[in-house]
Amino acid sequence: MAELERQAWHGRLAAAGQSGEGDAPAALAALTQAWEQLSSAQRQEPELLAVYAEQLRVLGAESEAEELLHQALKRNYDSRLVRLYGLLRGRNPGRQLQAAEGWLKQHPQDAGLLLTVGRLCLLNQLWGKAKEYFESSLVFQRDPETCAELARLLARLGEVERSNQLFQEGLGLLDRRLGGLPLPQPAVHD
């Protein structure tokens, strides 16, 4: 029963964020109203927090989403929330980076957290640190997102060959994840 209720609230939050049909303030108001109808315990559930924060991000309320996730992650670490945290532009990118680096002390091998810290380094224009964090993340898990972030950074730094290799690897990883279909054989010409 609890799982069914969680799924219903998941759908309600997702729908509320899209209800404004191009009117972001109305959609944001509907989303906030739906969030406030959840119980305190439900507002602590990582799955529902992630849906709400993602909808806030889509509606341009990134700083609110960042603050919400920052507080939630201080209370209870969750890898899904950490990944989303790295996609947000909060009011204070330096504080955001400092918080994420603090979480690394307890979770030094969390590939998603390393990806997040790398993204926050990019936000703070710390290119060398970002590169190190992305590379560390790839040591623990080969992930298409991380390959893409590192490839993008390397291209900007002039390391084009390595960047292209990482883009190719990332596409291959994504293809395997999605269960890509085999490519057609080249036509034989007589």
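**Salt bridges and a nonpolar core**

Student: What makes the meeting of the Arg 162 and Glu 135 side chains, at 3.0 Å from N to O, a salt bridge?

Tutor: A salt bridge is a side-chain nitrogen of Lys or Arg within 4 Å of a carboxyl oxygen of Asp or Glu, and the side chains of Arg 162 and Glu 135 meet at 3.0 Å, N to O, so the pair satisfies the rule. The pair links distant parts of the chain, with Arg 162 in helix H10 and Glu 135 in helix H8, 27 residues apart; helices here are DSSP runs of H or I with at least four residues, numbered from the N terminus. This is a predicted model, in which local features need pLDDT of at least 70 and side-chain atom pairs count only at pLDDT 80 or more, while totals for chains, interfaces and linings use all residues. Residues are numbered from 1 along each chain as its sequence is written, and side-chain values use heavy atoms, with hydrogens and water left out.

Student: Why is Arg 162 called partly exposed?

Tutor: Buried means under 20% relative accessible area and exposed means over 50%, with partly exposed in between (1.4 Å probe, protein chains only); Arg 162 has 32%, and therefore falls in the middle class. Glu 135, at 27%, is likewise partly exposed.

Student: How do you know that Lys 129 and Glu 101 form a salt bridge?

Tutor: The closest N and O atoms of Lys 129 and Glu 101 are 2.9 Å apart, which the salt-bridge rule admits. Lys 129 lies in helix H8 (residues 127–140) and Glu 101 in helix H6 (residues 93–103), 28 residues apart. Lys 129 is partly exposed at 34%, and Glu 101 is partly exposed at 22%.

Student: What makes Glu 159 and Lys 131 a salt bridge that links distant parts of the chain?

Tutor: For Glu 159 and Lys 131, the closest N and O atoms are 3.1 Å apart, which meets the salt-bridge rule. Glu 159 sits in the loop between helix H9 (144–156) and helix H10 (160–178), whereas Lys 131 is in helix H8, 28 residues apart. By this rule the count comes to 14 salt bridges.

Student: Which residues touch the most other members of the largest nonpolar core?

Tutor: They are Leu 13, Trp 103, Leu 113 and Val 117, out of 50 residues; such a core is a set of buried Ala, Val, Leu, Ile, Met, Phe, Trp, Tyr and Cys residues joined through side-chain atoms within 4.5 Å.

Notes: Helices (H or I, at least four residues) and strands (E, at least two) are DSSP runs, numbered from the N terminus.
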